[in-house]
Amino acid sequence: MSRPEVVVHRDGELLAAATAARLVTSLVDAQAARGSASLVLTGGRTGIAVLEHLRATPARDAVDWSRVDLYWGDERFLPSGHPERNETQAREALLDHVPVPAGRVHVMEPSDGRFGDDPEAAAAAYADVLAAAGPDGSVPSFDVCLLGVGEEGHVASIFPGSPAVRERERPVVAVRDCPKPPPTRVSLTLPAIRAAREVWLITTGAAKAAAVATGLTDEDEVRLPAAGARGLRRTLWLLDTAAAAEVPATP
């Protein structure tokens, strides 16, 4: 696993714009190297702001969207089209505005989808999607996995002390009784996240400062899941100045 690197921007708006620009470069580089690119999306205010900036920049057209596979790190188990679903927000922010083929947009099943109100079945189906895309039935090596970070250090829908944070075998799990609404979700696990070439943890605000500092200095992922979110080649913490306020000084 890679060691964490920290990049700090003045404020959340600049952070989102800079991350969008960084993402264009990473996707173009991946396509040049391997012919296609894969990206794991995140929800939340900052994650969606990144997609909005990506839509707005003319540089988005440097990406061949017909050769990008899109996945999600987690999803709120709600009906299709619900405004709180990460998929719905991502489509409005970016996906409805770029020519990405429908077959390359790999969504997690909604609560009114093929499996009805069965998040465990939805999680198993998404694990099958990943296995079909990865080498020898394993999780794909995503080029970039975007993650937000919660005040208590959760990433995706992996919360401190939860069964999901202790999962070592399954790449995708159903998450029930989440401490944040809605209570039921589907999430990648840390082993699936760690299959990514690069993991970018993106967060803003003073309320996240303690979690950021702990995530950079403490390797107890059960207590703080963000500490276990590492990329194979690179792990980036992309922060605004408020979220970086307690980051230890580099010698």
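What follows is a friendly conversation between a colleague and a modeller about a predicted model.

Colleague: Let's begin with the overall form. What makes the protein as compact as a globular protein of its length?

Modeller: The model is predicted, and it contains 7 helices and 9 strands. Its radius of gyration is 17 Å, close to the 18 Å that the globule rule gives for 251 residues, so the protein is as compact as a globular protein of that length. The C-alpha trace spans about 50 × 40 × 35 Å along the principal axes.

Colleague: What share of the residues is buried, and what does the surface look like in terms of atoms?

Modeller: Buried means under 20% relative accessible area, and 55% of the 251 residues fall in that class. The protein exposes about 10,500 Å², with carbon and sulfur atoms supplying 50% of that area. As for contacts between residues at least 6 apart in sequence, 76% join residues at least 24 apart.

Colleague: Now the sheets. Why are β1 and β3 called edge strands?

Modeller: The sheet in question is an open one of 6 strands, in the order β1-β9-β8-β5-β2-β3, with parallel pairing. Strands β1 (4–9) and β3 (68–72) each pair on one side only, and that is what makes them the edges. From one strand to the next, the twist averages 20°.

Colleague: How do you know that β2 and β5 pair?

Modeller: Pairing takes at least two bridges between the strands. Strand β2 (residues 37–41) and strand β5 (residues 144–148) have 2 bridges, in the parallel sense, so they meet the cut-off of at least two. L39 has V144 of β5 as its bridge partner, and V40 stands opposite C145 in β5.

Colleague: How many bridges join β2 to β3, and how many join β5 to β8?

Modeller: β2 and β3 run parallel and are joined by 5 bridges, with V68 of β3 as the bridge partner of A37. β5 and β8 also run parallel, joined by 5 bridges, and there L146 stands opposite W200 in β8.

Colleague: β3 is an edge strand. What makes it largely enclosed by the rest of the structure?

Modeller: 5 of the 5 residues of β3 are buried, so the strand is largely enclosed by the rest of the structure. Both faces are covered, with V68, L70 and W72 buried on one side and D69 and Y71 buried on the other. β5 is mostly covered, having 4 of its 5 residues buried.

Colleague: Which helix packs on this sheet and touches β1, β8 and β9?

Modeller: That is helix α7 (residues 209–217), whose direction makes about 160° with that of β9. In α7, the buried residues are A209, A211, V212, A213, G215 and L216, and they pack against β1, β8 and β9.

Colleague: And the sheet of 3 strands: what is its order, and is its pairing parallel or antiparallel?

Modeller: This open sheet has the order β4-β7-β6 with antiparallel pairing. Its edge strands, β4 (74–76) and β6 (172–175), each pair on one side only. Neighbouring strands are turned by 15° against each other on average, direction ignored. β6 and strand β7 (residues 185–188) run antiparallel and are joined by 4 bridges, with V172 standing opposite L188 in β7. Helix α4 (residues 119–133) lies across β6 and β7, at about 160° to β6.

Colleague: Which residues have the most contacts inside the largest nonpolar core?

Modeller: They are W65, L147, V155, L188, I193 and L201, in a core of 77 residues. Helix α1 (residues 12–34) gives the most to this core, with 7 residues. Leaving aside residues up to four places away in sequence, V155 touches L147, G148, V149, L190, L201, P225, A226 and A229. In soluble globular proteins, nonpolar side chains tend to be buried together.

Colleague: One last residue. Why does T88 count as buried?

Modeller: Its relative accessibility is 11%, and buried means under 20%, so T88 counts as buried. T88 lies in helix α3 (residues 86–93). Not counting residues up to four places away in sequence, T88 touches G81, H82 and P83.

Notes. Residues are numbered from 1 along each chain as its sequence is written. This is a predicted model: local features need pLDDT of at least 70, side-chain atom pairs count only at pLDDT 80 or more; totals for chains, interfaces and linings use all residues. Side-chain values use heavy atoms; hydrogens and water are left out. Axes are lines fitted to C-alpha atoms, for helices over the stretch in contact, and angles run from 0 to 180 degrees between N-to-C directions. Contact means heavy atoms within 4.5 Å. The radius of gyration is taken over C-alpha atoms; the globule rule is 2.2 Å times the number of residues to the power 0.38. Buried means under 20% relative accessible area, exposed over 50%, partly exposed in between (1.4 Å probe, protein chains only). Accessible areas come from the Shrake-Rupley method with a 1.4 Å probe; for residues, only the protein chains shown count as cover. A nonpolar core is a set of buried Ala, Val, Leu, Ile, Met, Phe, Trp, Tyr and Cys residues joined through side-chain atoms within 4.5 Å.
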